[in-house]
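Open the model in your viewer. Keep the selection tool ready.

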Amino acid sequence: MLTSICGINWGDEGKGRMVDLLSEKFDVVCRYQGGNNAGHTVINDKGRFILNLLPSGILRENVVNVMGCGMVIDLKHLCGEIEKLREAGIKITPENLIISDKAIITMPYNVLQDVMEEDRLTKATGKPYGSTRRGIAPVYADKYMKKAFRMGELLNTKLLYKRLPDIVAWKNMTIKAYGFNPVKVDDMVEYFETYGKPLKEFVVDTGVYLNEAHKAGKNIMFEAQLGALRDIDFGIVPYTSSSSTIAAYAPIGAGIPNLKITNSIGIMKAYSSCVGAGPFTCEYFGKDAERLRELGGEYGAATGRPRRVGPFDVVASRYGIRCQGADEIALTKLDVLDDYDEIDICTHYLLDGKQIDEFPFTDVLDECKPVFEKVKGWHCDITKCRKKEDLPKEALDYIALIEKLCECKIKYVSVGAEREACIKMF
Ligand code: GDP
Ligand code: MG
């Protein structure tokens, strides 16, 4: 089995908690894109964890966790994350964590570039991209410029240090143009020495490992960061991430382009949330937004930023399901709607009086107006429900309506943040 767990919406759908739950039957969990801009919250018998770089299978003792070649890795951040988990009693050794030699290293100057550019955009246009300022866009740009460093280079720093001065000189041309002080080669050497060295023991050719594991009949799960609407090609450019968040990219980003995924499980939220800037057609404002944000605890796991919120968006979610090729859906955070007498659903958009059902091009999206329909709420606590039969009729109706409007099968419904607060529907 090669199963992909991916996001249908704008991210923060609860992928981490679903990976933590569903990885019970898996031998390997592999992150295949993105960096420490991810924030995956997992709550289980071991505690509450926010994972930025480590795959969410790290909390299961028998799972081997892989950080694939599609990832960008901030060495300092990863050292800190490993340290924190070890302090919480989680074992992390080369037996349960391996890192692709082809994964890209996020450099301190990439973080600086991200900050410089967001600040420049704010001043020049008043419209920053809403980046997490963790260097993700600049480091992916370096990858495609073929100026980035890879984890495998840590194994032979002689060659790395030969390459370093010219890359630093090239990077300083940009940094100086922003009016900032150039970075020093020595500081970059120190970064590699301090934070690269302790990670050397994890670095391998993960493609070889994953192919062998697959041949041996092991079950492999791919964990995405962010959602379809943040994909670099299919999302709301430029308010996207800088990597491919879609399931089809999973084998490539994992290091096994020769294999195909068996199935794709899309994680979709029972309402909408969007952190950062960009068009968000179904957005609530004022009191409606405050109420839903508080009920859903919608503050960024990576940054603490308040998330924008709105009702379930049929147009965007249908598009997300298509982009992800999702065979099955996990509908998350249904319990957040417990308090409502009536629940809004954004069934379609209007553009110049015309009904829009297909998710439009980003520029057009800005002009679209949402159309909300009201459905009856269940108005009771569903957090203790563990079987389909436990759910009130109105909740089942809400799920069935989403299935119908989005032409999808909802296999899991989560009703709380803890591992076991989830219902298998069939
Ligand atoms: P991810 O980035 O997709 O892994 O999602 P995040 O972890 O950033 O955001 C999901 C948030 O919702 C986290 O704070 C989770 O603890 C929480 N959460 C996940 N599933 C549920 C659920 O079913 N009910 C409630 N109330 N909270 C949930
Ligand atoms: Mg998140």
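The tour visits a helix, then a cavity.

This is a predicted model, where local features need pLDDT of at least 70, side-chain atom pairs count only at pLDDT 80 or more, and totals for chains, interfaces and linings use all residues. Residues are numbered from 1 along each chain as its sequence is written, chains are lettered from A and ligands numbered from 1 in the order in which they are written, and side-chain values use heavy atoms, leaving out hydrogens and water.

**Stop 1: helix 2.** Select residues 75-87. Helices are DSSP runs of H or I, at least four residues, and strands are runs of E, at least two, numbered from the N terminus. Helix 2 has 13 residues and reaches 18 Å from first C-alpha to last.

Which residues of helix 2 are buried (under 20% relative accessible area, 1.4 Å probe, protein chains only)? Colour Leu75, Leu78, Cys79, Glu81, Ile82 and Leu85. They cover an arc of only 165° around the axis (taken from the directions from the axis to the C-beta atoms), so they sit on the same side of helix 2.

Now turn to the other side. Lys84 and Glu87 are exposed there, meaning over 50%.

Next, show what covers the buried residues. Strand 4 (47-51) and helix 6 (185-196) are among the elements there.

**Stop 2: the helix ends.** At the start, a side-chain oxygen of Asp74 comes within 3.1 Å of the backbone nitrogen of Lys76. Just after helix 2, Gly89 has a positive phi of about 90°.

**Stop 3: the largest cavity.** Select Tyr271, Tyr284 and Leu292, which are among its lining residues. Strand 17 (residues 342-351) gives the largest share of the lining, 3 residues.

Key
The expected span of a helix is 1.5 Å times one less than its number of residues. Contact means heavy atoms within 4.5 Å. A polar contact is a pair of N or O atoms within 3.5 Å; within protein, one must be able to donate a hydrogen and the other to accept it, and residues adjacent in sequence count only if both atoms are side-chain atoms. On a 1 Å grid over the protein atoms alone, a cavity is a set of points where a 1.4 Å probe fits but cannot get out, and a pocket is an open set with protein on both sides within 12 Å along at least five of seven lines; lining residues have an atom within 4 Å of a point.
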